[in-house]
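This briefing sets out the fold, the nonpolar cores and the pocket of one protein chain. Please read it with the structure open beside the text.

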Amino acid sequence: MSKLGPYKILRPLAVGGQAEVLLAERTGPGGFSVRHALKILNEPLGGSRPTDVPSARALVAEARLLVRLAHPHTLAIHGLDVIDDRLVMVLEYVGGRSLAVVLERLARMGRTLPVEHALWITRSVALALDRAHELADDGGRRLNVIHRDV
């Protein structure tokens, strides 16, 4: 798949049991270009509404939570669409290396992450998790969000 709707697929980022995440680019007039991470449900909708397919319902619920979550240390959601019979979540793409890759390279060089960097990362993750745990609906009722992929 080299194109999905208006998105040019650049490369896979991750694959999971229910969805894959692809790096994609959308272009516009005058050389405008923006990269997104597309989270695409593995299971085609088969003409069904997203609310009729259990895995699609879960992705819709995740998208709704991400809209509410909006925090400097979490990815922003830019949209949720059905493209070519696939449910597609359009997410902010943050380039760079994963922490796992950085730690592995440091270990190969016999070094560790400087303490101030480790503290900054830990604080950033803690702030984002706190935001998720405090998330409430429009009526002020806590949603009791627990993130499983920290």
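A contact is counted here when heavy atoms lie within 4.5 Å. In that sense, and leaving aside residues up to four places away in sequence, isoleucine 77 touches Ala63, Leu66, Val67, Met89, Val90 and Leu91. The model is a predicted one, and the points below move from the overall fold to the sheet, then to the cores, and finally to the pocket.

**Overall fold**

- The protein chain contains three helices and six strands, and along the sequence these follow the pattern β-β-β-β-α-β-β-α-α.
- The C-alpha trace of the protein chain spans about 55 × 45 × 35 Å along its principal axes, and buried residues make up 28% of the chain's 150 residues.
- Among the contacts in the protein chain with a separation of 6 or more, 41% are accounted for by residues 24 or more positions apart.

**The sheet**

- Six strands form an open sheet with antiparallel pairing, in the order E1-E2-E3-E4-E6-E5; the edge strands are E1 (3-4) and E5, each of which pairs on one side only.
- At the E1 edge, two bridges join E1 to E2 in the antiparallel sense, and the bridge partner of leucine 4 in E2 is tyrosine 7.
- At the other edge, strand E5 (residues 77-83) pairs with E6 over six antiparallel bridges, with leucine 80 standing opposite methionine 89 in E6 and glycine 79 standing opposite valine 90 in E6.
- E5 and E6 also form a hairpin with two residues between them, and aspartate 84, in the turn, has a positive phi of about 50 degrees.
- E6 is joined to E4 as well, by five bridges between strands that run antiparallel; in this pairing methionine 89 of E6 is the bridge partner of lysine 39.
- E6 is mostly covered, since six of its seven residues are buried.

**Nonpolar cores**

- In soluble globular proteins, nonpolar side chains tend to be buried together.
- The largest nonpolar core in this model has 17 residues, and those with the most contacts inside it are Ala56, Leu66, Ile77, Leu87, Met89 and Leu91.
- The elements that give two or more residues to this core are E4, H1 and E6, and H1 gives the most, with six residues.
- Apart from this core lies another, of ten residues, among them Leu4, Tyr7, Ala24 and Val90.

**Alanine 63**

- Is alanine 63, a residue of helix H1, buried or exposed? Its relative accessibility is 4%, and because buried means under 20%, alanine 63 counts as buried.
- Not counting residues up to four places away in sequence, alanine 63 touches Ile77, Leu80 and Met89.
- The C-alpha atoms of alanine 63 and glycine 79 are separated by 8.2 Å, although these two residues are 16 residues apart along the chain.

**The largest pocket**

- Rolling a probe the size of a water molecule over the atoms shows where empty space is left.
- The largest pocket holds about 2,200 Å³ of space, and 47 residues line it, of which Thr74, Leu75, His147, Asp149 and Val150 lie nearest its centre.
- Two or more lining residues come from each of these elements: strands E2 (7-15), E3 (19-27), E4 (33-41) and E6 (86-92), together with helices H1 (54-69), H2 (99-108) and H3 (115-134).
- Which element gives the most to the lining of the largest pocket? The answer is H1, with eight residues.
- By residue class, the lining of the largest pocket divides into 29 nonpolar, eleven polar and seven charged residues.
- H1 thus appears under two of these topics, as the element that gives the most to the largest nonpolar core and as the element that gives the most to the lining of the largest pocket.

How values were computed: Residues are numbered from 1 along each chain as its sequence is written. This is a predicted model: local features need pLDDT of at least 70, side-chain atom pairs count only at pLDDT 80 or more; totals for chains, interfaces and linings use all residues. Side-chain values use heavy atoms; hydrogens and water are left out. On a 1 Å grid over the protein atoms alone, a cavity is a set of points where a 1.4 Å probe fits but cannot get out, and a pocket is an open set with protein on both sides within 12 Å along at least five of seven lines; lining residues have an atom within 4 Å of a point. Grid points are joined across faces, edges and corners, and a volume is the space filled by probe spheres set on the points. Helices (H or I, at least four residues) and strands (E, at least two) are DSSP runs, numbered from the N terminus. Ala, Val, Leu, Ile, Met, Phe, Trp, Tyr, Cys and Pro count as nonpolar, Asp, Glu, Lys and Arg as charged, and the others, Gly among them, as polar. Buried means under 20% relative accessible area, exposed over 50%, partly exposed in between (1.4 Å probe, protein chains only). A nonpolar core is a set of buried Ala, Val, Leu, Ile, Met, Phe, Trp, Tyr and Cys residues joined through side-chain atoms within 4.5 Å. Two strands pair if DSSP finds at least two bridges between them.
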